[in-house]
Amino acid sequence: MNRFKRACVAGWPISHSRSPLIHNHWLSVYDIDGAYGIEAVRPEDFPGFLASLGERGYVGANLTVPHKEAALRLADEADAVAAAIGAANTVWLDDGRLLATNTDCTGFTSHLEDTAPEWKSHDGPVAVLGAGGAARAIVYGLEESGVAEIWLFNRTRSRAERLAEDFGSNIRVFDWRERSARIGDCMLLVNTTALGMTGAPELEIDLGMLPATAVIMDIVYVPLATALLRQARARGLKTVDGLGMLLHQAVPAFEKWFGVRPRVTDELRRIVIADLAAELC
Ligand code: ATR
């Protein structure tokens, strides 16, 4: 019997995905007979692509922009995380049925636990900047961790209010312009927007009001040291960069497809950082 297993990431456009680098590294480290490739799939071709995943020789796939919402709709069964977030980033075949989940949420919580074990969910309110897809995954993870309160700041207030309605009564919505003045008691602040990413506008915020023991996390990882993280370090605050979330969200997907739970190591981190640096040169 052929034991060779294949998975892929499907998106449109897809050229910037680091997922092949991560998964092929693990396939080599754990000596697994398999491969992880890239599939550029136009939105109109996506339903057909997903329906024929097995025929194409895949045991599963990652989905990225713009396919995550469609994957949730088209899967035979989605778990509670994907349903709550409203998007699936991982699918796998199980006895001919296509199952779906979203691993961004555990990517966030695993990375935070790994990097800032001193942060405890009951320490104080958490400030979340942004209310898009990434924010939904992170808010779900925070709720699962048992945080008492989430303070949500988003440019479009109505979108933050929708997210608060979907996720729980412990979410308070603030105006975007209040993001520096109203974070005084927060013990964790997470930027879930793309602000601060190379090519995007800067995230303008003053961290001066935060307690000295607060933790600052950015989901942006290009550059690795964003202006937000640099400002936090200058104040002596603990920081958590965005790369770990990318690496940790790949762990449960790899385990589903290939049957081994891989480790996020310094070596993998160095490989991905080198690849990011090469692209920027
Ligand atoms: P993702 O899936 O990566 O979260 P998204 O769903 O498009 O992407 O969400 C992007 C987030 O960044 C949103 O919170 C967006 O704010 P709006 O809801 O007001 O659009 C936020 N964002 C993007 N550009 C921004 C800007 N220039 N200033 C403030 N917030 C911005």
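Serine 121 sits in the loop between α5 (104-115) and β7 (126-129). In this predicted model, serine 121 is buried, because its relative accessible area is 15% and buried means under 20%. Its side chain also has a polar partner: it reaches the backbone oxygen of serine 145 at 2.9 Å.

## Around the ligand

Which residues surround the ligand? They are Gly130, Ala131, Gly132, Gly133, Ala134, Asn154, Arg155, Thr156, Arg159, Trp176, Thr193 and Leu195. For a few of these residues, the polar contacts with oxygen atoms of the ligand can be listed.

| Residue | Atom on the protein side | Distance to a ligand oxygen atom |
|---|---|---|
| Alanine 134 | backbone N or O atom | 3.0 Å |
| Asparagine 154 | side-chain N or O atom | 2.6 Å |
| Arginine 159 | polar side-chain atom | 2.9 Å |

Glycine 133, one of the residues around the ligand, also gives a handy reference point for alanine 51. The two are 82 residues apart in sequence, and their C-alpha atoms are 24 Å apart in space. Alanine 51 belongs to helix α2 (residues 46-51). Is alanine 51 buried or exposed? With a relative accessibility of 64%, alanine 51 counts as exposed, because the cut-off for that class is over 50%.

## Strands β8 and β9

Strand β8 (residues 150-154) and strand β9 (residues 171-175) run parallel and are joined by 5 bridges. Within this pairing, leucine 152 stands opposite valine 173 of β9. Between the two strands the chain passes through helix α7 (residues 157-167), giving a right-handed β-α-β crossover.

## Aromatic pairs and charges over rings

Let's turn to the rings. The structure holds 8 aromatic pairs. One of them joins tyrosine 36 and tryptophan 257 in a tilted arrangement, with 5.8 Å from centre to centre and 40° between the planes. Why does this pair tie together parts of the chain that are 221 residues apart in sequence? Tyrosine 36 belongs to strand β2 (residues 34-40) whereas tryptophan 257 belongs to helix α9 (residues 243-258), so the pair bridges that separation. Both tyrosine 36 and tryptophan 257 are buried.

A stacked pair is formed by phenylalanine 153 and phenylalanine 174, at 5.0 Å centre to centre and with 15° between the planes. Phenylalanine 153 lies in β8 and phenylalanine 174 in β9, so this pair connects parts 21 residues apart in sequence. These two phenylalanines, 153 and 174, are buried as well.

Ring pairs also build a cluster, made up of Trp26, Tyr36, Phe254, Trp257 and Phe258.

Charged side chains meet rings too. Arginine 172 places its charged end over the ring of tryptophan 151, 5.2 Å from the ring centre. Lysine 256 lies over the face of tryptophan 92, at 4.6 Å from the ring centre.

## The six-stranded sheet

An open sheet is formed by 6 strands in the order β2-β1-β3-β5-β6-β4, with mixed pairing. The edges are taken by β2 and β4 (77-78); each has a single partner strand, so one side of each has no neighbour in the sheet. Inside that order, strand β1 (residues 5-11) runs parallel to strand β3 (residues 58-63), and 5 bridges join them. Cysteine 8 stands opposite alanine 61 of β3.

Helix α1 (residues 19-29) contributes several buried residues: Ser19, Pro20, Ile22, His23, His25, Trp26 and Leu27. Among them, Trp26 is also a member of the ring cluster.

## Backbone details worth a look

Where do cis peptide bonds occur? One runs from tryptophan 12 to proline 13, with omega near 0°, and proline 13 is found in the loop between β1 and α1. Another runs from valine 65 to proline 66, with omega near 5°; proline 66 is placed in the loop between β3 and α3 (68-74).

Positive phi values deserve a glance as well. Aspartate 31 has a positive phi of about 55° although it is not a glycine. It lies in the loop between α1 and β2, and its relative accessible area of 71% makes aspartate 31 exposed. Aspartate 95 likewise takes a positive phi of about 55° without being a glycine. Aspartate 95 lies in the loop between β5 (90-94) and β6 (97-101), and is exposed, with a relative accessible area of 79%.

Note on methods
Residues numbered from 1 in each chain as written. Predicted model: local features only at pLDDT ≥ 70, side-chain atom pairs only at ≥ 80, totals over all residues. Heavy atoms only, no water. Pairing = 2+ DSSP bridges. Helix = DSSP H or I, 4+ residues; strand = E, 2+ residues; numbered from the N terminus. Right-handed = clockwise from strand over helix to strand, strands pointing away. Phe/Tyr/Trp six-rings, centres within 6.5 Å; stacked < 30°, edge-to-face > 60°. Buried < 20%, exposed > 50% of the residue type's maximum accessible area, 1.4 Å probe, protein only. Lys NZ or Arg CZ within 6 Å of the ring centre and 35° of its normal. Near = heavy atom within 4 Å. Polar contact = N/O pair within 3.5 Å; in protein donor to acceptor, adjacent residues only side chain to side chain.
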